[in-house]
Amino acid sequence: MKQPRFTSKDLKNVGIEVEVPEGYAQLEEEAVNAILEVLSKYPKAMKMFEMLVQDDEVRADWDIANFIAVKKLKYNDHGEVHAKIVAASALKMYELLLESNIKPDFVEYGGGDYDDEALILISAALLHDIGNQIYRGNHPLHSSYLAIPILDRLLPEIYDDMEQKTEVRGFILNAIYAHDADVPDITMESALVGVADATDMTKGRGRMAFDLGSTSIHVVSALSIDSVLIAKGKEKPIEIIIEMSNSSGIFQVEETLGKKVVGSPLEDYIEITAMVTPVEADYDKRIVRVIKLKGRKFTTE
């Protein structure tokens, strides 16, 4: 039987929507395909993924979080597409760790099996940014308490045992709360979600805010990122390879990704390589030609 695709175009809500660029929608489809491939061997995690992406409350949370982040704060995408890309990246890194016989904490300390671990990662990744609907400041905390009623409603569909359900929920909430660089990671799960969050830095993510007039370093540096590849490392289990068209992308690499890797439980397992392409070029690709101060902010012409 053909597997449902679970992309935003297939599960469209009524109400507030923030349209994503065509290229970013393609990234969503690739992310969903990657998620389904990994979860094909994890039935509990697959069921949780299916319930979350089709849940009316979750979908509304994504919509309002993205409305506040993009339309009101002129920030990068923080909605449904971003959540799925983060989930795909977290699962990819999880698989690479397992290939090197490295077990994340929930499995290592006897909380459950590899399926439970995948469920924790997919749930935390999909819900990590819903708190932006309340405000950008303290959004990991907001995301955590907004996630509690969702998890309390959905987890009993998978877990009969109250103790295991509660422990799974605890790991999910920890990963949601600690995904931002301001909160030190103390579990492998929170580090996986946090680093995965930082790997979603390609130009599609910055496109919306840029089109809305934002010329912040966050947006301009994101527009310089052509691709992010998570692969098996040569010296460590995971290598994150970033290709940039402009050296301003170094801001994303150092200030967003680097801060989430250094000092985290994943520091010893991840290597990062960033390069401006084509490598033989003497000059970077121009992103911004002219900016002007209009009122209280700079905008592009």
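Trainee: How many salt bridges does a search of the whole structure find?

Mentor: The search finds twelve. Keep in mind that this is a predicted model.

Trainee: What makes Glu-80 and Arg-59 a salt bridge?

Mentor: The cut-off is 4 Å between a side-chain nitrogen of Lys or Arg and a carboxyl oxygen of Asp or Glu. The closest N and O atoms of Glu-80 and Arg-59 are 3.1 Å apart, so the pair qualifies.

Trainee: Why is this pair said to tie parts together?

Mentor: Glu-80 lies in helix α4 (residues 80-99), while Arg-59 lies in helix α3 (residues 56-72), so the bridge ties together parts that are 21 residues apart in sequence. As for exposure, Glu-80 and Arg-59 are both buried.

Trainee: Which other salt bridge ties parts that are 17 residues apart in sequence?

Mentor: Look at Arg-169 and Asp-152, whose side chains meet at 2.8 Å, N to O. Arg-169 belongs to helix α8 (residues 162-177) and Asp-152 to helix α7 (residues 139-154), so parts 17 residues apart in sequence are tied together.

Trainee: Why is Arg-169 called partly exposed?

Mentor: Buried means under 20% relative accessible area and exposed means over 50%, with partly exposed in between. Arg-169 has 23%, so partly exposed is the right label. Asp-152 has 32% and therefore gets that label too.

Trainee: And Lys-234 with Glu-239: how do you know that they form a salt bridge?

Mentor: Their N to O distance is 3.7 Å, which is within 4 Å, so the pair counts.

Trainee: Are Lys-234 and Glu-239 buried or exposed?

Mentor: Lys-234 has a relative accessible area of 75%, which is over 50%, so Lys-234 is exposed. Glu-239 has 7%, which is under 20%, so Glu-239 is buried.

Trainee: Which residues are joined into one network?

Mentor: Glu-28, Arg-59, Glu-80 and Lys-84 are, through salt bridges that share partners.

Trainee: Let's turn to the surface. What makes the nonpolar patch?

Mentor: Leu-73, Ile-134, Tyr-135, Leu-141, Tyr-145, Ile-148 and Tyr-177 make a patch of about 620 Å². Helix α7 gives the most, with three residues.

Trainee: How do you know that Ile-134 is accessible enough for a patch?

Mentor: A patch residue needs over 30% relative accessible area. Ile-134 has 38%, so this condition is met, and Ile-134 counts as partly exposed. Ile-134 is found in the loop between α6 (114-127) and α7.

Trainee: Now the sheet. Why are β1 and β3 called edge strands?

Mentor: Three strands form an open sheet in the order β1-β2-β3, with mixed pairing. The strands β1 (225-232) and β3 (270-276) each pair on one side only, and that is what makes them the edges. Neighbouring strands are turned by 15° against each other on average, direction ignored.

Trainee: How do you know that β1 and β2 are paired?

Mentor: Pairing needs at least two bridges. Seven bridges join β1 to β2 (residues 238-244), so the two strands are paired, and they run antiparallel. Among the partners, Ile-225 stands opposite Met-244, and Ser-227 has Glu-243 as its bridge partner. The two strands form a hairpin with five residues between them.

Trainee: Which helix lies across the three strands?

Mentor: Helix α4 lies across β1, β2 and β3, running at about 30° to β1. You have met α4 already: Glu-80 lies there.

Key
Residues numbered from 1 in each chain as written. Predicted model: local features only at pLDDT ≥ 70, side-chain atom pairs only at ≥ 80, totals over all residues. Heavy atoms only, no water. Helix = DSSP H or I, 4+ residues; strand = E, 2+ residues; numbered from the N terminus. Buried < 20%, exposed > 50% of the residue type's maximum accessible area, 1.4 Å probe, protein only. Patch = residues over 30% accessible without salt bridge, like charges linked within 9 Å, V, L, I, M, F, W, Y side chains within 5 Å. Areas by Shrake-Rupley, 256 points an atom, 1.4 Å probe, with all protein chains shown as cover. Axes fitted to C-alpha atoms, helices over the stretch in contact; angles between N-to-C directions. Contact = heavy atoms within 4.5 Å.
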